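Trainee: Could you walk me through this one? I'd like to learn how each label gets its reason.

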Amino acid sequence: MPVTSNNDIMHKIFSIRSQVEFADLAMEVFLYQYSNNAIYKAYVNSIKQGVDNIKTVKNIPFLPISFFKTHEVICSSDKEYDKVFSSSSTTSAVPSKHFVKDISVYVESFRNGFSHFYGDVKEYCVLALLPSYLERDGSSLVFMADDLIRQSKHEKSGFYMDNYSELVKTLRQLQEKNQKILLLGVTYALLKLAEEHPMLLKNTIIMETGGMKGRREELPKGEVHAILKSAFGVNVIHSEYGMTELLSQGYSKGDGIFKCPPWMRIVMRDLDDPFHVEFTNGKGAINVIDLANIYSCSFIATDDIGVLRSNGEFEIAGRIDFSDIRGCNLMASEL
C-alpha cells in the first residue's frame, strides 16, 4: 500500500461511516505516521522489524503512553507545532506532553464529537466547574470547554472556578427558564457542590471528568454517581473519557458505559502479553485508536484497565499498578 499524504487523509477522518472505512483509513494513517514520526518508526522497528510485517489494522503496534512523558511524539522533521497540551502531575512526577501540530484538528474533533452525541451546543448553557484544571497551563480539557462555552453563545455560559455560590445562583436562574444545561465538572468539585448545595436540576446534563486530583479520597465511580444523582435529582450521570495524549473523547450517557465517535476505537490488550490485542470484546488494558491524532500517534497503549463489549462500547475498571515500569513501557527508555 502506498504512503498517502496527510492532505488526502485529513478530509476522510471526520466522515467515516463504517468499520471498513475506519480500518482502511487506520492503515493509511499508520503508514503516514511510520514515515513521518521518527519516535513511532523506531518503536515499530524495534518490535516488528519493519513496516512490511504489518498487513492489516490488527497488526499495527500501539505506542506505550509513557512515550509522551519522555519524547516529542510528533510527525514533523522541523518540530513545529501550534500548541502543547500537558497532563497534571498528581499521579506522576513527569507530566505527559502532547505537541499539537495543527490545533484546528483538535477543534474539529471535539466539536464533531460533541455534536455526534449531544447535538448542537448552541442549545445548551455550558457551565464548567474545573478549578484544578484552570490552576495550571496546558489543559486540553480547558481548551475544549472554553470553545464549547464560546460556541454555545449563552450569556451565562462560563467557567466558575471555586465560586460555588455564583454557580448555584446561575443554576437556579436557568431552571426557572427551563434552559438546557451542560454542567461539566471535575469529580471532586461536583461532589463538593452536591454536599453543600443539593438541588433539583431539570433539563441538565451533569458530566463528570477527571477524578479527585489529590483533593479528597478516591471513591468507586458507582458511589460517586449515586451521590450526585441523589443530590441533584437526575437519573444518570454522564462522563467524558479523554486524556492529554488524545485529540478525541469518548462519552458515557450513564452507567459508566462509554461510546466512541466514528474516528476513534477502543481495543483491549492482555495484561501479561502487551502485544496480544483483542478487537471484538474482552477484559484487559485499554488501547486507543484515535485517527484525529494524525500528527502525533494514533495508536496508543494506555494505562487504563477496562472491558470492551462486542458492540464497541466499553467500561473503565481502573488503572494498571506500577504502569510506568510494566511490559512494553520499558522500551520507552531505550529509544
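**Charges, shape and one busy strand**

Mentor: Let's start with charge: the protein chain has 36 positive and 42 negative charges, and their mean positions lie 4 Å apart. Lys and Arg count as positive, Asp and Glu as negative, while His and the chain ends are not counted. Each charge is placed at NZ of Lys, CZ of Arg, CG of Asp or CD of Glu. Mind that this is a predicted model, where local features need pLDDT of at least 70, side-chain atom pairs count only at pLDDT 80 or more, and totals for chains, interfaces and linings use all residues. Residues are numbered from 1 along each chain as its sequence is written, and side-chain values use heavy atoms, leaving out hydrogens and water.

Trainee: How do you know that the radius of gyration agrees with a compact globule?

Mentor: The rule, taken over C-alpha atoms, is 2.2 Å times the number of residues to the power 0.38. For 335 residues that gives a value near 20 Å, and the protein chain has 20 Å, so the two agree. Its C-alpha trace spans about 60 × 40 × 35 Å along the principal axes.

Trainee: Why is N36 called partly exposed?

Mentor: Buried means under 20% relative accessible area, exposed means over 50%, and partly exposed is in between (1.4 Å probe, protein chains only). N36 has 34%, so it is partly exposed. N36 sits in helix α2, residues 19–36. Helices are DSSP runs of H or I with at least four residues, strands are runs of E with at least two, and both are numbered from the N terminus.

Trainee: What makes I74, C75 and S76 contacts of N36?

Mentor: Contact means heavy atoms within 4.5 Å. Leaving aside neighbours within four places in sequence, N36 is in contact with those three: I74, C75 and S76.

Trainee: And what makes β13 and β14 a pair?

Mentor: Two strands pair if DSSP finds at least two bridges between them. β13 (residues 282–290) and β14 have seven, in the antiparallel sense, with A285 opposite I305. Strand β1 (residues 63–64) joins β14 by two bridges, running parallel, and there L63 faces I300. With β15 (residues 314–319), β14 has five bridges and runs antiparallel; D304 has R319 as its partner.

Trainee: How do you know that β14 is mostly covered?

Mentor: Eight of the 10 residues in β14 (299–308) are buried. For the protein chain as a whole, buried residues make up 53% of the 335.
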